[in-house]
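Reader: Here's one I'd like to go through slowly. Pick a single part of this model and take a close look at it, but give me the setting of the whole chain along the way.

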Amino acid sequence: MNGAWPEWLTARPTRRVAVAHTFVTPESRADDQDTLEEIATVSEALRELGFEPQPVPFTLDLHAFVAALGELDPAFVFNLVEGVDGTSRLIHLAPALCEHLGLACTGAPSSAVLATTSKLEAKRLLRAAGLPTAPWVTPAELARGHIRFAGPYILKPVWEDASVGIDHDGVCDNVSDLLAVWRARTRRSGEEYFAERYIEGREINQAMLAGPRGPQALPTAEIDFLDWEEGVPRIVGWRAKWDEQAPEYERTRRRFPRGRCDAGLRRRVRALARQCWRLFGLRGYARVDMRIDRRGRPCILEINANPCISPDAGFLAATRELGMRPAEVVARIICDCPLPARLLAGGAFGR
């Protein structure tokens with residue numbers, strides 16, 4: 001594998017790698033606890049590739065993070081930061097700090113992380129590019145009761161991922177119910193929420209992995225909702241993803257459709273995912289989540305830069321469909337590192 005490494009990496013004398021990650025405690029939510037599985041998976045793959053991984057937690061103490069990187073002097077940073085101080089709002093700080101320090105960092109650059117983490121900014125960019133996304137209203141428009149389209153509606157946090165803050169109770173048929181749920185959640189959490197039209201239909205995940213010829217569309221995944229209760233919205237909410245005791249967890253399954261059936265739809269979905277990759281300047285790996293309405297039209301829900309790569313998550317499940325091992329996946333992500341300007345200019349690494 002070493003012969004395939006990019007020049008910037010082969011020029012580095014060290015094999016040490018900083019695995020930057022969300023700071024996890026026993027009290028952390030299940031989605032944050034899953035970070036430990038990611039660290040183990042990535043670290044094992046890095047060792048197989050001949051590197052020496054060292055986990056480095058990322059917190060609001062930026063000086064401590066910089067000091068840890070300075071002491072380690074890594075060849076690059078593998079970015080697994082999905083939350084800072086209990087929120088996803090600040091996760092762009094990790095790649096931004098690496099860029100500032102002149103350190104190569106895997107995954108999307110800070111600008112792409114920021115644009116995709118804010119669901120509102122992502123939707124604005126999608127609409128400006130002419131890509132399909134559901135109509136929405138901002139928190140300010142909700143406060144004024146200014147909603148310009150018919151329901152049903154779904155309420156979502158502006159800044160969270162991993163389905164945090166998304167559940168069946170957030171799906172409302174009318175404006176009065178929507179505003180009541182919005183007020184209650186805003187008072188309780190202090191978070192920003194927006195609403196978009198709820199698309200009744202199929203749920204599709206399209207994972208993308210960098211390759212020598214550009215981003216590769218991995219096998220398209222569809223979420224099956226098994227024995228779902230009548231009248232309950234078919235969504236992959238937080239309980240369906242993380243609460244193993246919840247009925248939604250047992251009744252939500254991922255599959256990878258094959259053959260001629262829906263082949264045209266899969267081509268459209270993959271084409272849309274490639275457009276998102278280019279639009280947001282994604283690197284390394286990504287996942288684009290979509291709904292397919294009753295007329296068979298894809299609608300982009302969100303773009304996940306640096307999606308979860310724990311063994312049971314959707315991204316690695318898609319790579320396993322192609323027979324890829326985690327080490328091969330990690331190697332491709334490393335080779336697509338976006339380089340800081342000073343590295344591109346031949347400057348000192350990390351100086």
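Author: Let's start with contacts in this predicted model. Count the contacts between residues at least 6 apart in sequence, and 70% of them join residues at least 24 apart. Burial is the other half of the setting: 54% of the 351 residues in the protein chain are buried. The radius of gyration is 20 Å, which agrees with the value near 20 Å that a compact globule of 351 residues would have. Along the principal axes, the C-alpha atoms fill a box of roughly 60 × 50 × 40 Å. As for secondary structure, the protein chain has 15 helices and 13 strands.

The part I'd pick is strand E3, residues 76–80. How many of its residues are buried? The count is 5 of 5, so to speak a clean sweep, since buried here means under 20% relative accessible area. Look at the two faces in turn: Phe76, Phe78 and Leu80 are buried on one side, and Val77 and Asn79 are buried on the other. That leaves both faces of E3 covered. E3 also has strand E1 (residues 16–22) as a partner, and the two pair in the parallel sense over 5 bridges. If you want a spot to click on, try alanine 20, which stands opposite asparagine 79 in E3. That asparagine is one of the buried residues just mentioned.

For a helix to set beside that strand, go to H6, residues 110–117. It is mostly covered, with 6 of its 8 residues buried. Those are Ser110, Ala112, Val113, Ala115, Thr116 and Thr117. What covers them includes helix H5 (93–101), helix H7 (119–128) and helix H12 (263–280), along with strand E13 (298–305).

Elsewhere there's a sheet with antiparallel pairing. Its 4 strands form an open sheet, in the order E4-E7-E5-E6. Strand E4 (136–137) and strand E6 (171–172) stand at the edges with a single partner strand each, so one side of each has no neighbour in the sheet. Strands E5 (residues 153–157) and E7 (residues 193–197) run antiparallel and are joined by 5 bridges. One pair to check there is isoleucine 154, whose bridge partner in E7 is glutamate 196.

Last, the outside and the charges. The accessible surface comes to about 16,000 Å², and 50% of it belongs to carbon and sulfur atoms. The protein chain carries 46 positive and 46 negative charges, and their mean positions are 8 Å apart.

Methods:
Residues numbered from 1 in each chain as written. Predicted model: local features only at pLDDT ≥ 70, side-chain atom pairs only at ≥ 80, totals over all residues. Heavy atoms only, no water. Rg over C-alpha atoms; globule rule 2.2 N^0.38 Å. Buried < 20%, exposed > 50% of the residue type's maximum accessible area, 1.4 Å probe, protein only. Contact = heavy atoms within 4.5 Å. Areas by Shrake-Rupley, 256 points an atom, 1.4 Å probe, with all protein chains shown as cover. Lys, Arg positive; Asp, Glu negative; His and termini not counted. Charge placed at Lys NZ, Arg CZ, Asp CG, Glu CD. Pairing = 2+ DSSP bridges.
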